[in-house]
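Please look over the model below. The report then goes through its features by topic.

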Amino acid sequence: PKLFNFFTQEKEQFDVVNLATLIYNLNKLIPRKIIHAETKHFIEEVVRFIPSPRFRFDGQSIANILLTLSKWTLSIHETPYREAINHLTVLIFEQIDTFNAKEIATILNAFSKWRISPDEKPYKEAIHCLVQAIPKRVNTFIAQDITNSLNALSKWDISRHEPLYRASILALVGVIPQRIEQFNTQGTVNSLNALSKWDIPIHEPPYQAAICRLVLSIPRQATLFTAQGISNSLNALSKWNLTLEETSHTKAILSLIQAIPQQANTFNMQAIGNTLNTLSKWPISPNKTPYQEAIFCLVSIIPEKITT
């Protein structure tokens with residue numbers, strides 16, 4: 001209430017920095033899934049201000065605002081969100097030459113969280129110019145930017161063979177080996193998961209080097225993987241024609257399987273099902289260590305998960 005009263009009284013004095021900062025900080029104050037009526041009214045009052053011609057948002061402000069809005073359970077097709085997002089989308093097209101790697105990745109990540117098509121207006125022009133900018137800026141992308149961009153692109157129904165997307169995907173994949181030391185567990189998981197959604201030739205450059213480096217990083221990170229991370233990584237690896245005879249693949253898979261007992265209680269039913277289904281795709285013996293322990297832990301907690 002205090003923040004709402006302050007905004008109501010001072011909003012005419014707000015400049016572009018004040019408004020962008022307020023919206024960005026609201027992300028830390030307002031729960032993502034449960035938005036009460038009073039809070040929703042406050043958010044709408046703030047969002048109504050975005051299309052005002054007196055505000056000239058830069059790349060960072062556009063990225064931060066779109067990311068914040070994408071984290072709330074709000075419909076982008078309702079007033080005032082539609083008008084605000086459309087306004088910011090037009091600004092992307094106009095200002096793309098000033099955007100840095102983080103802003104490109106953040107905006108793509110935000111768009112991918114909404115149920116929109118990359119060919120849907122007005123998003124099409126914005127998404128296309130963001131994707132076209134990737135190869136030009138790719139040498140400035142850090143691991144998080146690479147992961148967010150690949151993850152966003154993998155959520156849309158696009159073909160990696162289409163020239164626009166092909167150039168960007170190849171550019172992002174090409175710099176993974178150079179940035180591999182920057183990848184945390186989530187970055188490793190999300191990158192492998194994103195790449196597994198495309199029919200990529202994993203034994204051809206630059207995919208071979210990128211996937212190899214990501215797979216090699218799993219054993220040293222495995223103890224930090226969440227249940228979802230373990231499940232997603234195993235699922236991604238199972239989609240490629242990787243043989244258990246290859247040392248790096250075996251070490252990665254074994255390290256993930258060995259981490260299952262420690263995380264077993266945090267697996268939800270979907271992760272349990274996906275993991276068991278994945279393990280069934282490889283020629284492994286369920287009676288051998290460490291498979292036996294992992295499978296036993298997952299199977300034994302199913303009754304508990306069903307009843308909760």
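## Aromatic pairs

Rings of Phe, Tyr and Trp, the last by its six-membered ring, pair if their centres lie within 6.5 Å. Ring pairs of this kind link Phe6, Phe7, Phe14, Phe42, Phe49, Phe55 and Phe57 into a cluster. The model is predicted.

The count comes to 8 aromatic pairs by this rule. One pair is formed by Phe111 and Trp114, with ring centres 6.3 Å apart. Their planes meet at 55 degrees, so the pair is tilted. The cut-offs explain the label: stacked needs planes under 30 degrees apart, edge-to-face needs over 60, and the rest count as tilted. Phe111 is buried, at a relative accessible area of 0%. Trp114 is also buried, at 8%.

## The nonpolar core

The largest nonpolar core holds 105 residues. Which of them touch the most other members? They are Leu66, Ile92 and Phe111.

Phe111 touches both Leu66 and Ile92. Its other contacts, with residues up to four places away in sequence not counted, are Thr89, Ile116, Tyr123, Ala126, Ile127, Leu130 and Trp156.

## Cysteines

How many disulfides does a search of the whole structure find? The result is 0. A disulfide is a covalent bond between the sulfur atoms of two cysteines.

Cys129 is buried, with 8% relative accessible area. Cys297 has 15% relative accessibility and counts as buried too. Both values fall in the buried class because that class takes in everything under 20%.

## A buried lysine

Lys305 sits in helix α16, which spans residues 302-307. Lys305 is buried, yet has no salt bridge. The nearest side chain of opposite charge belongs to Glu304, 4.9 Å away. Why is that not a salt bridge? The rule asks for a side-chain nitrogen within 4 Å of a carboxyl oxygen, so 4.9 Å is too far.

Which residues does Lys305 contact, leaving aside neighbours within four places in sequence? Asn265, Phe267, Met269 and Ile272.

## A loop proline

Pro122 lies in the loop between α6 (101-112) and α7 (123-137). Its relative accessibility is 25%, so Pro122 counts as partly exposed. The limits for that class are 20% and 50%.

Pro122 is in contact with Asn86 and Thr89, neighbours within four places in sequence left aside. Thr89 is also touched by Phe111. Thr223 is 101 residues from Pro122 along the chain, and the C-alpha atoms of the two are separated by 43 Å.

Methods. Residues are numbered from 1 along each chain as its sequence is written. This is a predicted model: local features need pLDDT of at least 70, side-chain atom pairs count only at pLDDT 80 or more; totals for chains, interfaces and linings use all residues. Side-chain values use heavy atoms; hydrogens and water are left out. A nonpolar core is a set of buried Ala, Val, Leu, Ile, Met, Phe, Trp, Tyr and Cys residues joined through side-chain atoms within 4.5 Å. Buried means under 20% relative accessible area, exposed over 50%, partly exposed in between (1.4 Å probe, protein chains only). Contact means heavy atoms within 4.5 Å. A disulfide is a pair of cysteine sulfur atoms within 2.5 Å. Helices (H or I, at least four residues) and strands (E, at least two) are DSSP runs, numbered from the N terminus. Lys and Arg count as positive and Asp and Glu as negative; His and the chain ends are not counted.
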